[in-house]
Amino acid sequence: PAREVPALDGVTLDIRPGERIAVTGPSGAGKSSLLGLLLRFTEPTSGRITAGAIDIAAADLAAWRRQIAWVPQQPYLFEGSVASNIALGQPEAAPEAIEAAAAAAGAAEFIEALPQGYGTPLGERGARLSAGQRQRIAVARAFLRDAPLLLLDEPAAHLDPITARQLLDAIDRLMTGRTVLLVTHGRGWTGGAGRVIS
């Protein structure tokens, strides 16, 4: 079903299933706030957000979020193992599924080189990993979640050009067959969006 998202300035945005939309604009324009509304971190003060005929504010929160995979600018990592960090939100995932998600995200090589592989404990906020490695963990989470709606918030921000290109190649694979809303500051990478909204 189509998703109707009232934009922050009151303009309505209709997103069709399987569509890729990039939302661009400067910092502070409300792009990340739009994702927060879809994730129900915040609720709209006016208007509503619907998925088909369902107002998501009335939907079961956990059930709604199961339909979403989210790759933020700065993914949250906790002091568990690499495997448990990938399986955040999917704690019942089998080791084989976790490893397949890591491979799809281009993370398997560096994970397998860690002292205990997938069992390696991460420091607070993933302090033992580089920024690019932390983002690959976030992309692996999204592959494992296998949700129909993908939200991307500047996923390659603050990465060097080579690392960013490698990460974006993995994200290109992740976007296949999903409805995608991509937030970006500029138009340098819009993920092959069918529509770019400024």
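A residue counts as exposed when its relative accessible area is over 50%, as buried when that area is under 20%, and as partly exposed in between. In this predicted model, D146 reaches 54% and is therefore exposed. Its salt-bridge partner is R178, with N and O atoms 3.1 Å apart. The contact links distant parts of the chain, since D146 sits in the loop between α6 and β7 (149-153) and R178 in the loop between α7 (161-175) and β8 (179-184), 32 residues apart. R178, at 10% relative accessibility, is buried.

The pairing of D146 and R178 has company, for the count comes to six salt bridges. Another of these joins R195 to E19, the closest N and O atoms being 2.7 Å apart. Because R195 belongs to strand β9 (residues 195-197) and E19 to the loop between β2 (12-15) and β3 (20-24), this pair ties together parts 176 residues apart in sequence. E19 is buried at 9% relative accessibility, whereas R195 is partly exposed at 27%. A more local example is found within helix α7, where D169 and R165 are four residues apart, or about one helical turn; their closest N and O atoms lie 3.2 Å from each other. D169 is partly exposed at 36%, and so is R165 at 38%. Shared partners also join R16, E19 and R195 into one salt-bridge network.

Turning to empty space, the largest pocket has a volume of about 400 Å³. It is lined by 15 residues, of which I68, W70, L88, R141 and R145 are the closest to its centre. Helix α6 gives the largest share of the lining, four residues. By type, the lining comprises eleven nonpolar residues, one polar and three charged.

Terms used:
Residues numbered from 1 in each chain as written. Predicted model: local features only at pLDDT ≥ 70, side-chain atom pairs only at ≥ 80, totals over all residues. Heavy atoms only, no water. 1 Å grid on protein atoms, 1.4 Å probe; cavity = no way out; pocket = protein on both sides within 12 Å on 5 of 7 lines; lining within 4 Å. Points joined across faces, edges and corners; volume = space filled by probe spheres on them. Helix = DSSP H or I, 4+ residues; strand = E, 2+ residues; numbered from the N terminus. Nonpolar A, V, L, I, M, F, W, Y, C, P; charged D, E, K, R; others polar. Salt bridge = Lys/Arg side-chain N within 4 Å of Asp/Glu carboxyl O. Buried < 20%, exposed > 50% of the residue type's maximum accessible area, 1.4 Å probe, protein only.
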